[in-house]
Amino acid sequence: MTRVKLEGVSKYYGNVVAVEDVNIEIQHGEFFAILGPSGCGKTTTLRIIAGFETPDKGRVYFDNEDITFVKPYKRNTSMVFQNYALWPHMTVFENVAYGLKLRKKELGLTDEDIRKMVKEALELVKLSGMENRYPLQLSGGQQQRVALARALVIKPRVLLLDEPLSNLDAKLRIEMREELKRLQRSLNLTTIYVTHDQVEAMSLSDRMAVMNKGKVIQVGSPQELYFRPRSLFIADFLGRSSIYPGELVAQGKDYVEVRLEDADIVVRGVSPFEKLPSKVSVVIRPEVIRLGSSGSSGDTVVKGVVDFAMFLGEKIEARVKIGKLPLLAYLPNTVEVGAGSEIELVLPWKNIIVLPSE
Ligand code: ATP
């Protein structure tokens, strides 16, 4: 088990800022996700940890050892790629054994040791009996497991995964997600997982970093980031929300009140900031909204007209006009509403987030 620390890490390609002043500390045995839109610097960060790239500034540590300039093969990390990167002319056994054979002398391994270790790795990923197949004789999910077995067989200090599930179909992706999580737990392996898929990041990770334009915007557990975003970027990027600009009218010890622009409504909410500027934004997640004309003390009740409503099976997704403001709301699937329906909605103040406008 290894703790990974990045301290002020930056990487530039000519004029392009790929990664800028990244500071993260990943704990022993932690499942850590790096999430962000395309081009935000996730892969570059992972490649710096693997040693495939050298940072222009900053330091990388494994435990207390500075490994910033240590060659990749001396770091004892394993990386799994989106495209699996298996050798097509080698069997499953040969693919998995490859890394061990390279280090046979260094590790003092016999052929029998290698055979046993490959067998164990294939058992871990549920591919026993497939040793003699070639990659092209396997499904996408099975190929991904071979890549995983190849990564695990060397018993890495840190497992690095770069969008490993994105080539799989939706159903298989969910299955593999569960398996990956179970495997990581049982091996207690420090794991860093790069993805642009927020559901993957939230469902797999103990903690995650959200990046944008080369910078880490916020680090925390999925719940912290989802329920207590500290910026509009995170509030907008994770999950869905309606975001309205407004004017701060009051800030108490545990609440804030905001007059919304374009609607003469004062909404009460909570904020992670003790002191807010006068220009703020209100973040309302569709799932916190309730249908009804009365809420608990402090809740805001608004009248609206349904613009459109879609039955999604487990819920109804409605776009409701509150004055001029469009509000996205999830309603119970038994409610009968359609375009033009007049409804009342409760905005529970403890779930309404107020952030500085950007
Ligand atoms: P994606 O999800 O699309 O893979 P990412 O978040 O992993 O994106 P990176 O691959 O880390 O992003 O790239 C970050 C930035 O650095 C991008 O603007 C990219 O174009 C640039 N970049 C990455 N590698 C190189 C390179 N070898 N040469 C020049 N620019 C690069």
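Let's start inside the protein, at Ile192: its contacts are Val4, Ile26, Phe32, Ile34, Leu46, Ile49, Val158 and Leu160, leaving aside residues up to four places away in sequence. Please keep in mind that this is a predicted model.

**The nonpolar core**

Ile192 also belongs to a wider group. The largest nonpolar core has 84 residues, and Ile192 is one of four that touch the most other members, along with Val96, Ala149 and Val282. Helix H5, residues 140–152, provides the largest share of this core, with six residues. Because domain 1 (4–227) and domain 2 (241–356) both give residues to this core, it lies between them. As a general background, nonpolar side chains in soluble globular proteins tend to be buried together.

**The chain as a whole**

Stepping back, the protein chain is divided into domain 1, residues 4–227, and domain 2, residues 241–356. Taken over C-alpha atoms, the centres of domain 1 and domain 2 are separated by 40 Å. Nine helices and 20 strands make up the count of secondary structure elements in the protein chain. Among contacts in the protein chain with a separation of 6 or more, 65% are between residues 24 or more positions apart. Some overall values are gathered here.

| Property of the protein chain | Value |
|---|---|
| Span of the C-alpha trace along its principal axes | about 75 × 45 × 35 Å |
| Share of the 358 residues that count as buried | 34% |
| Distance between the centres of domain 1 and domain 2, over C-alpha atoms | 40 Å |

**The annotated region**

An unreviewed UniProt entry carries the annotation "domain: ABC transporter" for residues 4–238. Over residues 4–238, helix accounts for 37% of the chain and strand for 26%. The end C-alpha atoms of that stretch are 25 Å apart.

**Around the ligand**

Now to the ligand and its surroundings. Tyr13, Val16 and Ala18 are among the residues around the ligand, and so is His196. The others in this shell are Gly36, Ser38, Gly39, Cys40, Gly41, Lys42, Thr43 and Thr44. By character, the shell divides into seven polar residues, four nonpolar and one charged.

Which elements supply at least two residues each to the shell around the ligand? They are strand S2 (16–26) and helix H1 (42–50). H1 gives the most to this shell, with three residues.

Methods
Residues numbered from 1 in each chain as written. Predicted model: local features only at pLDDT ≥ 70, side-chain atom pairs only at ≥ 80, totals over all residues. Domains from an automatic or database assignment. Core = buried A, V, L, I, M, F, W, Y, C linked by C-beta atoms within 7 Å. Buried ≥ 20, exposed ≤ 12 C-beta atoms within 10 Å, placed from the backbone. Helix = DSSP H or I, 4+ residues; strand = E, 2+ residues; numbered from the N terminus. Contact = placed C-beta atoms within 7 Å. Near = placed C-beta within 6 Å. Nonpolar A, V, L, I, M, F, W, Y, C, P; charged D, E, K, R; others polar. UniProt positions renumbered as here; feature names shortened; annotations may be inferred.
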